[in-house]
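Reader: I'd like to go through this one together. Could you show me the model and tell me how each label is earned?

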Amino acid sequence: TSPSHIYINITDSVQIHTASLITISSYACIDTSFMDITVFPAPQAIFSIDSVASCSPFNATITNASVNATIYDWDFGDGGSSNISDTIINHYFENVTNSSFTFKIQLNVENAYGCSSSYNHSVTLYPNLTAMFIHDPAGCSPFEVDFTNLSVGAESYYWTFGDGATS
């Protein structure tokens with residue numbers, strides 16, 4: 001028979017294993033063959049992000065915890081990419097739609113032996129919110145001001161009028 005076997009190397013150095021095959025004939029004759037198996041260390045792509053959901057725009061802090069890698073290929077899911085290997089990476093995300101949007105961040109790493117690993121994580125950005133209003137700029141006391149709310153994307157409003165009053 002011809003079996004298969006999976007060798008795992010979670011260290012940061014090359015491992016060599018010696019495999020052997022012992023054959024025995026029906027006449028009780030024996031022969032043995034030896035062969036070295038070289039197992040390169042596997043890189044591991046892994047990272048975390050400071051928030052998995054945020055309001056747009058969002059300057060994400062990504063912590064790269066990858067090990068045994070020499071080549072880094074980042075795809076931020078927004079058209080941006082990088083080959084930076086730093087531990088802390090900042091990336092600016094912006095959602096220009098009117099609804100939540102999820103960006104898939106993917107990191108592909110490779111080591112000097114050509115071994116590779118991939119990891120992905122998503123970040124959801126809520127739509128841009130714009131607070132904006134217009135009003136009459138000046139008048140004599142008692143001055144009643146009509147404020148016109150021109151805000152975009154909000155569901156609730158909290159007004160402060162600068163004199164301690166709120167609405």
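**Labels and their cut-offs**

Author: The protein has twelve strands and zero helices, where strands are DSSP runs of E with at least two residues, helices are runs of H or I with at least four, and both are numbered from the N terminus. This is a predicted model, where local features need pLDDT of at least 70, side-chain atom pairs count only at pLDDT 80 or more, and totals for chains, interfaces and linings use all residues. Residues are numbered from 1 along each chain as its sequence is written, and side-chain values use heavy atoms, leaving out hydrogens and water.

Reader: What makes the protein more spread out than a compact globule?

Author: Its radius of gyration is 30 Å, well over the 15 Å that the globule rule gives for 167 residues, so it counts as more spread out. That radius is taken over C-alpha atoms, and the rule is 2.2 Å times the number of residues to the power 0.38. The C-alpha trace spans about 115 × 30 × 30 Å along its principal axes.

Reader: Why is H91 called buried?

Author: Buried means under 20% relative accessible area, exposed over 50%, partly exposed in between (1.4 Å probe, protein chains only). H91 has 13% relative accessibility, so it counts as buried. H91 sits in strand β8, residues 88-93.

Reader: What joins the side chains of H91 and D78?

Author: A polar contact of 2.8 Å. The cut-off is a pair of N or O atoms within 3.5 Å; within protein, one must be able to donate a hydrogen and the other to accept it, and residues adjacent in sequence count only if both atoms are side-chain atoms.
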